[in-house]
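Open your viewer and have the selection tool ready. Each stop below says what to select and what to look for there.

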Amino acid sequence: MNVQVLFFGATADETGEREIEFSFDENISAERAFAEIVEKYPRLKAHKLLFAVNQEYADGGEIIKNGDELAIFTAVSGG
Amino acid sequence: MDFYEITNEPLNVGEIARRVVPVECGAIVTLDGFVRKFTKGRETQYLVYEGYEPMALKEMEKLGERAKQLFEIANVGIVHRLGRLEIGETSVVISVASPHRRAAFEACEWLIKELKKTVPIWKKEVYADGEIWVTGNG
């Protein structure tokens with residue numbers, strides 16, 4: 001199954017990507033899915049990362065489904 | 001009416017503040033957050049803000065709803081600008097209307113503190129000799 005993965009700010013700079021497609025096995029947890037993505041872009045490991053699934057902060061226990069929108073970013077700094 | 005918006009256009013603080021004026025209210029407290037020239041002694045040339053827009057709007061709305069549970073306030077408006085901002089330009093406006101001023105002051109302070117922790121927007125500080133994506137404190 002395929003998902004969309006979004007990067008912003010520092011994570012977009014580190015990966016050189018803003019949006020990619022990623023394939024996973026069925027019924028993968030968010031924790032494992034994000035670990036696989038970080039393995040593909042090891043420069044992300046230099047940062048403390050936050051994760052979102054379908055525009056909500058993820059705690060890792062979510063089950064990823066085909067077509068989901070994942071995002072990886074650093075601690076926010078708006079305001 | 002509550003409102004939560006993200007824009008690339010300059011913000012008109014007075015116009016945004018006066019959009020929340022229910023008749024039972026007697027005060028509006030508005031935060032005008034703007035680009036600071038010096039941070040810890042280092043001179044900023046300009047800022048670039050980037051956001052995960054649909055999620056940022058959802059998180060802003062959650063904060064507004066939570067603030068209305070926590071404080072005796074009537075309405076909340078939050079508008080954040082993205083893109084390149086020069087020194088002194090407004091990056092965020094938070095406006096809170098309440099029957100009495102104290103709750104609006106407290107809610108406005110609570111909202112900006114929470115926004116800086118949870119709303120997915122990032123700023124890049126650009127200096128004469130480099131640039132850095134600012135990382136929040138979580």
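The tour visits one aspartate, then two cysteines, then the interface of the two chains. Keep in mind that this is a predicted model.

**Stop 1: D68(A)**

Select D68(A). Where in chain A does D68(A) sit? Its place is the loop between β4 (56–57) and β5 (69–74) of chain A. Is D68(A) buried or exposed? D68(A) is buried, because its relative accessibility is 7%, below the 20% cut-off.

Now add V3(A) to the selection. V3(A) and D68(A) are 65 residues apart along the chain, yet 5.1 Å separates their C-alpha atoms.

Next, show what surrounds the aspartate. Leaving out residues up to four places away in sequence, D68(A) touches N2(A), V3(A) and Q4(A), along with V53(A), N54(A) and I63(A).

Then select K65(A) and display its backbone. The backbone nitrogen of K65(A) is 2.8 Å from a polar atom of the D68(A) side chain.

**Stop 2: C25(B) and C108(B)**

Move to chain B and select C25(B) and C108(B). A disulfide is a covalent bond between the sulfur atoms of two cysteines. How many disulfides does the structure hold over all chains? The count is zero.

Why does C25(B) form no such bond? The closest cysteine sulfur, in C108(B), is 14 Å from the sulfur of C25(B), so the gap is too far for a bond. The disulfide cut-off is 2.5 Å. From the other end, C108(B) is in no disulfide either, and its nearest cysteine sulfur is that of C25(B).

Colour both by accessibility. C25(B) counts as buried because its relative accessibility is 19%. C108(B) is also buried, with a relative accessible area of 6%.

**Stop 3: where chain B meets chain A**

Show both chains and select the residues in contact. You should find 27 residues of chain B against 21 residues of chain A. Together the chains bury about 2000 Å², with 54% of that on carbon and sulfur atoms.

Look for charged pairs next. Two salt bridges cross the interface. Zoom in on R18(A) and E50(B): their side chains meet in a salt bridge, 2.3 Å from N to O.

Now select the elements on the chain B side. β4 (42–51), α2 (53–70), β7 (90–98), α3 (101–118) and β8 (121–127) of chain B each supply at least two residues to the side that touches chain A. Colour that side by residue type: 13 residues are nonpolar, seven polar and seven charged.

Finish by switching on polar contacts. Across the interface there are 17 residue pairs in polar contact, both residues at pLDDT 80 or more.

Key. Residues are numbered from 1 along each chain as its sequence is written. Chains are lettered from A and ligands numbered from 1 in the order in which they are written. This is a predicted model: local features need pLDDT of at least 70, side-chain atom pairs count only at pLDDT 80 or more; totals for chains, interfaces and linings use all residues. Side-chain values use heavy atoms; hydrogens and water are left out. Helices (H or I, at least four residues) and strands (E, at least two) are DSSP runs, numbered from the N terminus. Buried means under 20% relative accessible area, exposed over 50%, partly exposed in between (1.4 Å probe, protein chains only). Contact means heavy atoms within 4.5 Å. A polar contact is a pair of N or O atoms within 3.5 Å; within protein, one must be able to donate a hydrogen and the other to accept it, and residues adjacent in sequence count only if both atoms are side-chain atoms. Buried area is the accessible area (1.4 Å probe) that two parts lose on being put together, summed over both. A salt bridge is a side-chain nitrogen of Lys or Arg within 4 Å of a carboxyl oxygen of Asp or Glu. Ala, Val, Leu, Ile, Met, Phe, Trp, Tyr, Cys and Pro count as nonpolar, Asp, Glu, Lys and Arg as charged, and the others, Gly among them, as polar.
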